[in-house]
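Student: Hey, I've just opened this structure for the first time. Can you walk me through it?
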Amino acid sequence: RAMTGRIRHVVMFQFVESATAAQRSAVKEGLAALRGSIPAIKAISCNHDAGFAPPGSNFDFCACVDFDSAEDYKVYQTHPVHQQLIADTIKPILKARSAVQFELE
């Protein structure tokens, strides 16, 4: 179905056990900085898991990114700065990823 409203992208990462604190922080810093590089992003919120659940039962990190339209999400998805962050910072420590995009009501 065509989405005509605002879009939220939610992505969660599980990192490899060998990921260092510096590498984990670089993911957060890099994603937060995307708003300054990609005008299509209207809001971004990201952080490491709060640790309330037993170790290993949650993903390690989550980001929520809001866009005015599906077209803006597609700009973000393929943007070179985003793709570079994925290649250089996220993929080297990525064990698992899960994501969803949905229309905000």
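Tutor: Sure, let's talk about a helix, a pocket and a loop residue.

Tutor: This is a predicted model, where local features need pLDDT of at least 70, side-chain atom pairs count only at pLDDT 80 or more, and totals for chains, interfaces and linings use all residues. Residues are numbered from 1 along each chain as its sequence is written, and side-chain values use heavy atoms, with hydrogens and water left out.

Student: Okay, which residues of α1 are buried?

Tutor: Val27, Gly30, Leu31 and Leu34 are the buried ones in α1, where buried means under 20% relative accessible area, exposed over 50% and partly exposed in between (1.4 Å probe, protein chains only). Helix α1 itself covers residues 21-37; helices are DSSP runs of H or I with at least four residues, strands are runs of E with at least two, and both are numbered from the N terminus.

Student: And why are those buried residues on the same side of α1?

Tutor: The buried residues of α1 cover an arc of only 95° around the axis, which puts them on the same side; the arc is that of the directions from the helix axis to the C-beta atoms. On the other side, Ala21, Ala22, Glu29 and Gly36 are exposed.

Student: What covers the buried residues of α1?

Tutor: The cover includes β1 (7-15), β2 (41-48), β3 (61-67), α2 (70-78) and α3 (80-90).

Student: Switching to α3, which of its residues are buried?

Tutor: His82, Leu85, Ile86 and Ile90. Seen down the axis of α3, they fall within an arc of 100°, so they line one face of the helix. The face turned away from that buried side carries the exposed residues Pro80 and Asp88.

Student: New topic: how many residues line the largest pocket?

Tutor: The largest pocket is lined by 15 residues, and His9, Val11, His82, Ile86 and Arg97 lie nearest its centre. α3 gives the most to that lining, with 4 residues. On a 1 Å grid over the protein atoms alone, a pocket is an open set of points where a 1.4 Å probe fits, with protein on both sides within 12 Å along at least five of seven lines, and lining residues have an atom within 4 Å of a point.

Student: Last one: where is Phe59?

Tutor: Phe59 is in the loop between β2 and β3, and it is partly exposed, with a relative accessible area of 28%. Phe59 and Gln14 are 45 residues apart in sequence and 4.9 Å apart in space, C-alpha to C-alpha.

Technical notes
Expected span 1.5 Å × (residues − 1). Contact = heavy atoms within 4.5 Å.
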